[in-house]
Amino acid sequence: MDTSLLKTKFYVPILSTGMVTRTGLLERLQDCVSYRLILVSAPAGFGKTTLLSEWIHQIQPTIHVAWVSLDEGDNEPLRFWDYFITAINDIEPAVGETALAFLHSGQQISFESILTTLLNDLTSIPGDFVLVLDDFHFIQSPAIHKDLTYFLEHMPPGMRLIISTRADPPLPISRFRGKGTLLEIGADDLRFSREETASLFVEMGIKPLSDLVIDAMNTKAEGWVAGLKMAALSMRNKDDLDTFVSDFTGSQRFITDYLFEEVLQQQSEEVCTFLLQTSILNRLSFPLCDAVCGRDDSEGMLSRLDNSNLFIIPLDDSREWYRYHHLFRDLLQHQLMKGTKNEQIKNLHRKASRWFEDNNLLDDAINHALAAEDWERAMDLISEPEVQARTTRSQVMLNWLGQIPVEVARTRARICMNYVYVLEGAGKYDDAERWVTHLDEIAENDSYLQGCVAVARSVITYHKLDFIQAQEYAEKALSLLTIDDTQKGMASAVLAGVYLSQQRYLEAEPLEKRFYEIFRQMGYTVHAIGPLFWLGYIAFLRGNFQQAVDNFQEVIELASEFPAMGNRISNAYLMIGCAHYIWNNLGKAAYFQEKAIEVYQLSDEYGSLNFDSVYLHLAVTRMAMGEIDKAMEAMEKADQLLNSQDSIHRARNTAFHAAIALSQGDTDSASRWIDALMDLVDFIPLDAPASTMHLIDIRKGKDAARKELDDKYNFYLSQDCKAVLVGIRIRQALISDKYEETLECLSDALAMGEKEQNIRHFVVFGQALAPLLRRAISKDLEPVYTRKLLDIIVEEEHQRKTRQSEILPSISTQGILSKRETEVLRLIAEGLSNQEIADRLFITLGTAKTHARHVFDKLGVNDRRRAIAKASDLNLI
């Protein structure tokens with residue numbers, strides 16, 4: 001369990017003596033298995049917690065139960081879900097571990113993704129189980145309400161969620177009510193009946209009362225349990241009950257103004273003082289109370305209060321921790337503020353803060369320091385490394401900082417820097433910049449602080465995509481920072497990121513190495529994973545495929561300790577798959593690409609712009625293996641994930657479609673894909689298939705293509721990117737009409753490719769490259785390697801023609817329709833619109849349009865009428 005979480009909040013409250021059993025309500029709760037959400041909603045003092053506690057003690061251990069007592073500190077998504085998931089983890093230790101790891105990873109992962117992981121885990125819990133969220137009215141965050149709604153809508157069948165609250169939460173209550181999945185227990189249900197009121201007075205030690213008195217008390221209190229209990233405490237020593245009943249009103253104002261004082265007046269001065277002083281605490285233990293009250297007998301005091309039923313609730317079986325009834329605590333605090341000087345109250349908070357700090361409960365220590373307005377102490381505690389590591393970019397940090405007067409916060413560079421990063425993390429760059437400007441003013445004679453300011457500005461400008469400014473600030477930071485610490489590591493990371501965006505790999509590599517080494521040496525493994533991945537990527541571009549694979553394997557090993565790094569793990573698997581594809585180990589390539597998909601589906605980026613590329617690479621691998629149907633399935637997945645608004649991803653998708661068509665010998669479809677790609681030529685990414693790029697060269701014309709290829713060759717030669725240079729040299733050889741130039745380019749490509757046994761970068765050009773390879777063999781250019789390449793090209797061409805000859809005559813020679821495309825074609829023939837096709841096949845409108853376009857391309861037509869006619873001629877429909 002996270003040590004920053006208070007264990008007692010997971011305890012089901014202990015049943016107190018003098019309790020009245022609510023038989024009817026308990027019977028209703030027994031039927032909870034028929035519902036998914038149980039809502040117990042009523043104002044303070046109606047016995048919500050007591051009812052649920054009694055029911056849970058009845059059903060355990062038959063049904064597993066988890067409990068969380070919420071408070072105002074939990075109104076922050078990270079904190080709330082930390083308690084939520086940890087509570088469930090206590091039921092079944094293996095459940096929720098991955099979700100908790102996601103939560104604590106420090107990565108920007110949506111809570112919906114974390115909850116998806118948790119929901120999948122929950123299905124492994126055998127039998128029924130219940131989670132109770134007590135005092136949910138403290139949760140006001142719209143983000144929490146939104147994510148909890150998602151959780152409720154996807155809860156597994158065996159789970160029940162109980163929410164106890166003073167007001168109905170902003171959840172889709174009406175929807176759950178309409179579905180019949182909601183059990184509601186409200187204030188009217190919780191009001192005491194006449195019989196229950198009579199039982200309460202007996203249990204509270206009140207001498208026998210007439211039915212008339214009981215009826216009057218219950219009517220005036222309107223069945224409000226807290227009012228009746230406080231009245232009973234006052235009645236113990238009353239001789240004239242008729243007068244008391246006559247004067248009694250059951251309103252909360254009456255309780256505040258009259259009965260509360262009556263309860264306190266019945267206590268000794270010592271007890272009253274103890275109650276008031278300890279009312280500043282959310283939770284009570286005898287060492288904590290001793291520290292706050294300056295006494296050494298709090299254990300006995302808490303025990304006496306417990307035995308006298310004075311609105312104190314034990315939180316554990318050993319009775320080490322307690323809390324006051326919420327309403328009682330509210331009234332105590334009100335009385336404390338009325339009768340105690342402000343400085344004395346602050347002093348109580350200071351004592352509490354010191355005790356919590358000594359016991360390593362730093363969040364509570366900070367909260368009490370802030371309540372004491374001890375700003376220096378609060379800032380010292382916030383600056384603790386353990387607190388910084390957990391809260392730097394969190395809403396908790398923002399809440400803390402918001403309580404400190406700005407003029408005080410501005411005196412501490414560390415606190416100012418916290419403001420910078422919490423605002424930057426929230427995307428409030430202008431607000432963050434104002435704090436950076438202040439830091440600039442106080443850093444005049446402090447070179448280290450100047451370096452930190454430059455780092456902060458580099459991070460802000462980098463996230464604003466102002467790479468020129470980001471580079472300037474990062475370079476300035478590195479010139480000022482002489483110590484290898486996190487600040488220097490962050491500056492290195494920003495500058496490396498800028499260089500990578502500019503494809504300046506030689507300059508990025510040493511920075512990534514420094515970034516990696518600093519964070520590994522400091523023990524920040526999670527932050528070292530990113531630079532290690534980029535070092536592998538640079539090695540891959542240089543043609544050092546084995547070194548790249550080794551780096552990516554290490555990424556997977558390190559990141560496996562941090563499940564939230566699923567995107568990094570997935571990308572590492574993809575790149576290992578790409579290396580095996582280049583080596584022509586197609587079975588292994590497909591295996592690692594499938595692993596990339598498997599991991600990606602659990603990561604935050606599932607369904608993101610990056611995910612379509614995994615399927616595109618898998619499709620090319622499956623096509624090379626001759627698995628046409630699987631290749632088409634992968635392309636269909638890529639199309640479904642494609643964001644048509646993103647030019648780079650549209651260009652990549654189109655380039656891979658052209659390569660797939662070309663590998664089938666479908667030159668007409670490939671040509672049409674190239675037509676579409678010409679409008680996106682400036683956005684084609686580095687991983688676009690080289691065979692497609694050769695068709696682009698042809699389309700541009702020899703002179704224009706030769707000049708562009710020469711420029712690219714010189715640039716990537718300067719960056720030592722041999723994996724890229726191989727493809728460029730082959731394209732130069734194919735486009736050249738000069739014999740010596742062709743051989744020179746091909747010789748360079750073969751020399752670079754042979755060293756790392758680069759196979760697929762040659763083979764993808766197919767028959768277009770075969771004559772040049774034969775010429776190279778005749779010139780004794782890498783003859784063994786070159787012969788191997790030529791043999792693979794010849795064999796794959798033979799397999800392609802064999803497959804084509806086996807295709808049924810009813811299939812168009814212009815392209816093979818996938819199963820889904822065949823379905824779409826038949827629905828087109830039925831006259832369905834694209835929207836109707838989408839509804840029939842349960843796909844999006846965009847996906848339906850994509851399938852229709854593919855059908856038209858493969859049939860060589862431009863509209864529905866011609867598609868139907870052509871399909872009919874070919875016996876497709």
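## Ala232 in helix H11

In this predicted model, Ala232 is found in helix H11, the helix that spans residues 225-235. The relative accessibility of Ala232 is 0%, and because buried means under 20% relative accessible area, Ala232 counts as buried.

The surroundings of Ala232 can be described through its contacts and through one distance. When residues up to four places away in sequence are not counted, Ala232 touches Phe201, Met204 and Ile206. Val202 is separated from Ala232 by 30 residues in sequence, while the C-alpha atoms of Ala232 and Val202 are 9.5 Å apart in space.

## The chain as a whole

The protein chain has 877 residues, of which buried residues make up 54%, and its secondary structure comes to 48 helices and eight strands. Taken along the principal axes, the box filled by the C-alpha atoms of the chain is roughly 120 × 75 × 40 Å.

The contacts in the chain can also be sorted by separation along the sequence. Among contacts with a separation of 6 or more, 67% are between residues that are 24 or more positions apart.

## The parallel sheet of five strands

Five strands form an open sheet in which the pairing is parallel, and the order of these strands across the sheet is S2-S3-S4-S1-S5. Strand S2, residues 64-69, and strand S5, residues 182-186, are the edge strands, each of which pairs on one side only. On average, and with direction ignored, neighbouring strands of this sheet are turned by 15 degrees against each other.

Strand S4, residues 159-165, pairs in the parallel sense with strand S1, residues 37-41, over five bridges. Within this pairing, Leu37 stands opposite Leu161 in S4, and Ile38 has Ile162 of S4 as its bridge partner. Strand S3, residues 129-134, is also joined to S4 by five bridges, and these two strands run parallel; here the bridge partner of Val130 in S4 is Arg160.

How many of the residues of S4 are buried? Seven of the seven residues are buried, and S4 is described as mostly covered. Both faces of the strand are covered, with Met159, Leu161, Ile163 and Thr165 buried on one side and Arg160, Ile162 and Ser164 buried on the other.

## The antiparallel sheet and helix H16

A further open sheet is formed by three strands in the order S6-S8-S7, and its pairing is antiparallel. The edge strands of this sheet are S6, residues 284-285, and S7, residues 312-314, and each of them pairs on one side only.

Strand S7 pairs with strand S8, residues 321-324, in the antiparallel sense over three bridges, and in this pairing Pro314 has Tyr322 of S8 as its bridge partner. Helix H16, which covers residues 298-307, lies across S6, S7 and S8 and runs at about 105 degrees to S7.

## Two packed helices, H26 and H28

Two packed helices are described by the angle between their axes and the distance between the axes. For helix H26, residues 447-463, and helix H28, residues 486-501, the packing angle is about 35 degrees, and the axes are 9 Å apart. The crossing of H26 and H28 is left-handed.

Which residues make this contact? On the side of H26 they are Tyr448, Cys452, Val455, Ser458, Val459 and Tyr462, and on the side of H28 they are Gln487, Met490, Ala491, Val494, Gly497 and Val498. When the residues in the contact of H26 with H28 are sorted by class, nine are nonpolar, three are polar and none is charged.

## Arg542 in a loop

Arg542 lies in the loop between helix H30, residues 525-541, and helix H31, residues 545-559. Is Arg542 buried or exposed? Its relative accessibility is 13%, and because the cut-off for buried is under 20%, Arg542 counts as buried.

The side chain of Arg542 makes a polar contact with the side chain of Glu509, at 3.0 Å. Glu509 also appears among the residues in contact with Arg542 once neighbours within four places in sequence are left aside, and the others in that list are Leu506, Gln719, Asp720, Cys721, Lys722 and Ala723.

Technical notes: Residues numbered from 1 in each chain as written. Predicted model: local features only at pLDDT ≥ 70, side-chain atom pairs only at ≥ 80, totals over all residues. Heavy atoms only, no water. Pairing = 2+ DSSP bridges. Helix = DSSP H or I, 4+ residues; strand = E, 2+ residues; numbered from the N terminus. Axes fitted to C-alpha atoms, helices over the stretch in contact; angles between N-to-C directions. Left-handed = near helix turned anticlockwise from the far one by under 90°. Contact = heavy atoms within 4.5 Å. Nonpolar A, V, L, I, M, F, W, Y, C, P; charged D, E, K, R; others polar. Buried < 20%, exposed > 50% of the residue type's maximum accessible area, 1.4 Å probe, protein only. Polar contact = N/O pair within 3.5 Å; in protein donor to acceptor, adjacent residues only side chain to side chain.
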